[in-house]
Amino acid sequence: MVAAAEPTSMTWLGLHVTLQRAGCDLSLVGLRPSARLRGAISGKHESDVIDADMLSMAAHVFTLAPLAPPDPAHLALRRAVVRAGSWSSTATGPVAG
């Protein structure tokens, strides 16, 4: 069985671990494709119930593949970079690249 979720923040990580322990897999559906599907189903309305309904039908629309999560070191680095970016932009304004 494969469950579908949106990759919102890092909430998917705990869900992935729990599902794996239960013998299931997790597949992440991109935010843009899921927003388009949500719009096709419900127009401009958005709620957790609509999102859950849409994600339950994701396998009929998207090709869902089991998630191969990054290793812990990669996740820690990603989190550090995101945090450093938010600290820089709040302290000095947007960071020029």
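**Close-up A. The exposed side of helix 1 in this predicted model.** On this side of helix 1, T18 and R21 are both exposed. What comes after the helix? Helix 1 is followed by G23, and the phi of G23 is positive, near 85°.

**Close-up B. The buried residues of helix 1.** Flip to the other side of the helix, which spans residues 11–21, and you meet W12, H16 and L19, which are buried. Looking down the axis of helix 1, the buried residues fall within an arc of 70°, so they line one face of the helix.

**Close-up C. H16 and its contacts.** H16 sits in helix 1. Its relative accessible area is just 3%, and the cut-off for buried is under 20%, so H16 counts as buried. Which residues does H16 touch, once neighbours within four places in sequence are left aside? H16 is in contact with L26, L67 and P69.

**Close-up D. Strands 1 and 2 side by side.** Strand 1 covers residues 2–5 and strand 2 covers residues 25–28. The two pair in the parallel sense, over four bridges. V2 stands opposite D25 in strand 2. Put helix 1 back in the picture and strand 1, helix 1 and strand 2 make a right-handed β-α-β unit.

**Close-up E. Confidence along the protein chain.** The chain averages a pLDDT of 77, with 86% of the residues scoring at least 70. Among its elements, strand 2 has the highest mean pLDDT, at 88, while helix 5 (residues 72–92) has the lowest, at 69. Where pLDDT is low, don't read the predicted coordinates in detail.

Conventions: Residues are numbered from 1 along each chain as its sequence is written. This is a predicted model: local features need pLDDT of at least 70, side-chain atom pairs count only at pLDDT 80 or more; totals for chains, interfaces and linings use all residues. Side-chain values use heavy atoms; hydrogens and water are left out. Buried means under 20% relative accessible area, exposed over 50%, partly exposed in between (1.4 Å probe, protein chains only). The arc is that of the directions from the helix axis to the C-beta atoms. Two strands pair if DSSP finds at least two bridges between them. A crossover is right-handed if, with the strands pointing away from the viewer, the path from the first strand over the helix to the second runs clockwise. pLDDT is the predictor's confidence in each residue, from 0 to 100. Contact means heavy atoms within 4.5 Å.
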